[in-house]
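Me: Please take a close look at one part of this model, one strand pairing and the sheet around it. Then work outwards to the rest.

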Amino acid sequence: MNKNLQILANKIRYKLVEISHLAQSSHLGGALSCVDILTVAYWNTLNISKENIHDINRDRFIMSKGHAISALYVTLAYKGILSIDELKNYNKIGGNLPEQPSPNCVSGVEWATGSLGHGLSVGVGMAIAGKNKNNFNVLVLLSDGECQEGSVWEAAMFAPKHKLNNLMVIIDYNKWQATGRSNSTMQMEPLSEKWKSFGWETFEVNGHSFNELEASMFFNKKSDKPKAIIANTIKGKGISFMEDDNNWHYRSPSKEELYIAKKELGLE
Amino acid sequence: MRNAFAEKITSLAEKNNNVVLIMADIGNHLFDKFKEKYPNRFFNSGISEAHMISMAAGLSSCGYLPICYTITPFATTRCLEQIKVDICYHNMNMILVGTGSGFSYASLGATHHSFEDIAILKVLPNMKILCPGDSIEVKASLEMMIANPSIYYLRIGKKNEPIINNKVPKIETGKFNIIEKGNEVALLSFGNILPLSEKIYQNLTKDNISTELVSCISVKPLDEKYLKEAFKKFKVIISIEEHSLIGGAGSSISDFIIDNNYMHNKHIKSSFHRFGIKDEFLHISCDQNFARKHFKLDVDHITSIIKNKLNVNRD
């Protein structure tokens with residue numbers, strides 16, 4: 001299973017690099033850091049498929065770090081919800097896949113999250129509906145820099161009080177934000193302890209280990225707490241010259257770099 | 001107005017299972033009955049207005065009709081981006097209720113005054129703005145909004161305001177409520193200042209000036225059909241609001257005048273004058289009446305200005 005997920009994640013990574021090259025778009029590093037999380041979410045954790053994408057009881061995934069939406073577009077394409085061919089519209093003028101998402105731009109994008117710090121509260125509202133009215137789970141992916149938004153902590157205080165055990169937060173903790181290290185900008189640490197002390201069932205995992213992600217990314221209905229997973233990740237993960245280099249928050253790859261990436265991902 | 005709101009929403013929620021009431025730690029015991037009857041549809045978001053709005057958007061996306069309630073500055077400008085992005089951009093049905101609008105909480109200082117909320121919210125696409133003038137209009141507005149889900153901002157006052165309407169008006173977006181009909185002067189009253197406008201109406205009527213008293217509930221959209229007729233008919237039209245003159249309801253009428261090229265239309269006989277709050281914070285301890293007087297939102301002052309204008313127009 002893990003081997004298959006790894007192959008899938010490599011394909012998603014290459015497609016991401018390719019569309020970033022074609023569109024000359026930014027935010028590739030933060031998209032690459034969450035690919036393994038998305039792979040486990042869509043092929044393991046969530047009840048989301050081409051068949052149920054409009055069903056009221058589908059699980060909800062909110063890509064709260066909207067600047068990395070390209071990673072979700074590609075994931076949805078490999079999941080069959082978009083066509084792979086449609087990805088060529090990414091960041092194209094007049095296209096349906098904007099660089100940051102717009103509401104209902106394509107099926108499977110639940111929310112327009114270009115402004116950080118909104119996704120968790122929206123997810124809380126959905127999770128209440130998922131418990132009181134319908135029957136579904138909600139997964140919200142945040143960036144570490146996003147946790148500097150005060151509204152994240154408003155929602156973080158609310159969800160445990162209302163025992164939203166159908167709500168999971170994953171923090172893509174790649175240790176970077178636009179202009180520097182997240183921990184040099186704000187006192188992020190101890191991040192796990194913060195979530196734990198707010199009343200969340202908290203795990204800290206290697207965000208590139210399928211074993212660790214699979215072991216933690218499930219909805220525990222025996223618990224009466226929402227779940228927070230701090231996933232330690234590497235910005236630019238998978239492409240050697242992009243890893244942990246924050247220039248890839250802005251840069252897009254050249255044709256030569258695209259070729260090297262393909263080779264490194266074993267997809268030649 | 002707020003008691004009328006609490007009473008009406010409690011009865012409307014009985015007929016509509018999708019109504020969810022969210023308040024941000026305000027209204028001590030005001031919603032006890034609602035809480036008791038619908039415990040799964042009542043939430044105190046805590047002192048977390050940004051969270052309240054985004055959570056409401058999430059609920060709305062799943063078919064609920066959320067109603068968010070708190071003191072006007074905290075319901076509007078405090079969480080403006082959440083209203084813009086999660087409600088208006090996503091076009092999520094919800095009713096945003098600002099209570100204690102204008103100078104209703106004058107004694108609490110400018111942190112609790114709201115004179116900018118209409119100006120700021122009216123620029124948001126998909127947003128409709130209703131400003132009822134008494135508790136009868138509050139209840140009728142709520143009934144209309146629940147029956148016609150959309151995005152509404154309901155701007156209300158505090159409690160124990162006098163009731164001006166003697167019958168329940170039909171509320172529609174884009175429609176004003178004509179309370180008294182007249183021919184010479186039109187008093188366009190926006191929201192919670194209706195009792196003061198009614199006193200001006202009484203003064204003018206006593207002096208045999210035929211005056212129309214209008215509660216302009218629908219601020220966005222305006223009642224353009226009414227305005228088009230009014231500018232052909234009245235000698236003097238005035239707008240009165242407990243809101244800044246910059247960007248307020250009167251300013252929307254100014255836009256209407258310009259957009260319809262009334263400055264150069266020989267059929268337009270009306271002169272138009274706006275009364276509202278000028279560009280200034282209040283720093284002193286005061287109550288609502290004091291604050292209104294400070295900004296010349298005063299029955300005698302406005303009455304005399306109208307009479308002057310009428311005389312000028314008669315000459």
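Reply: Start at Asn177(B). Its bridge partner in strand 9 of chain B is Ser215(B). This is a predicted model, and every value below is computed from it. The two residues belong to a pairing of strand 7 with strand 9 (residues 211–215) of chain B. Those strands run antiparallel and are joined by 3 bridges.

Now widen the view to the sheet. Strand 7 and strand 9 of chain B sit in an open sheet of 5 strands. The order is 7-9-8-11-12, and the pairing is mixed. Which strands stand at the edges? They are strand 7 (177–180) and strand 12 (271–277) of chain B. Each has a single partner strand, so one side of each is left without a neighbour in the sheet. From one strand to the next, the twist averages 25°.

A helix packs on this sheet. It is helix 8 of chain B, residues 194–206. Helix 8 touches strand 7, strand 8 (185–190), strand 9 and strand 11 (236–244) of chain B. Its direction makes about 170° with that of strand 9 of chain B.

Chain B has another open sheet, this one of 7 strands. Read across, the order is 2-1-3-4-6-5-10, again with mixed pairing. Strand 2 (42–44) and strand 10 (218–220) of chain B are the edge strands, and each pairs on one side only. Neighbouring strands here are turned by 20° against each other on average, direction ignored.

Take one pairing inside that sheet. Strand 1 (residues 19–23) and strand 3 (residues 65–71) of chain B pair in the parallel sense, over 5 bridges. Met23(B) has Tyr69(B) as its bridge partner in strand 3 of chain B. Helix 1 (residues 2–15) of chain B packs on the sheet. It touches strand 1, strand 3 and strand 4 (94–99) of chain B. The direction of helix 1 makes about 145° with that of strand 1 of chain B.

Strand 10 of chain B also leads to a backbone feature. Pro221(B) lies in the loop between strand 10 and helix 9 (224–233) of chain B. The peptide bond from Lys220(B) to Pro221(B) is cis, with omega near 0°.

Step back to the whole of chain B. The count is 12 helices and 12 strands. The C-alpha trace spans about 65 × 40 × 35 Å along its principal axes. What radius of gyration does chain B have, and what would a compact globule have? Chain B has 19 Å, which agrees with the value near 20 Å for a compact globule with 315 residues.

Next, the contact with chain A. Here 21 residues of chain B meet 20 residues of chain A. On the chain B side, helix 3 (49–61) and helix 5 (80–89) are the elements that give two or more residues. Helix 3 of chain B supplies the largest share, 9 residues. By type, the chain B side divides into 9 nonpolar, 10 polar and 2 charged residues.

Cross over to chain A. Its secondary structure comes to 10 helices and 7 strands. The radius of gyration of chain A is 17 Å, close to the 18 Å that the globule rule gives for 268 residues, so chain A is as compact as a globular protein of that length. Its C-alpha atoms fill a box of roughly 50 × 45 × 35 Å, taken along the principal axes.

One helix pair in chain A deserves a look. The axes of helix 1 (residues 2–23) and helix 3 (residues 35–45) of chain A come within 9 Å and cross at roughly 125°. That angle makes helix 1 of chain A oblique to helix 3 of chain A. The crossing is right-handed. Helix 1 of chain A contributes Leu5(A), Leu8(A), Ala9(A), Ile12(A) and Arg13(A) to the contact. Helix 3 of chain A contributes Val35(A), Asp36(A), Thr39(A), Val40(A) and Trp43(A). Together these residues divide into 7 nonpolar, 1 polar and 2 charged.

Two loops of chain A round off the picture. The peptide bond from Glu189(A) to Pro190(A) is cis, with omega near 0°. Pro190(A) has its place in the loop between helix 7 (182–185) and helix 8 (191–197) of chain A. Asn104(A) has a positive phi of about 55°, although it is not a glycine. Asn104(A) is found in the loop between helix 4 (69–78) and helix 5 (119–132) of chain A.

Key: Residues numbered from 1 in each chain as written. Chains lettered and ligands numbered in written order. Predicted model: local features only at pLDDT ≥ 70, side-chain atom pairs only at ≥ 80, totals over all residues. Pairing = 2+ DSSP bridges. Helix = DSSP H or I, 4+ residues; strand = E, 2+ residues; numbered from the N terminus. Axes fitted to C-alpha atoms, helices over the stretch in contact; angles between N-to-C directions. Contact = placed C-beta atoms within 7 Å. Nonpolar A, V, L, I, M, F, W, Y, C, P; charged D, E, K, R; others polar. Parallel < 35°, antiparallel > 145°, perpendicular 65-115°, else oblique. Left-handed = near helix turned anticlockwise from the far one by under 90°. Rg over C-alpha atoms; globule rule 2.2 N^0.38 Å.
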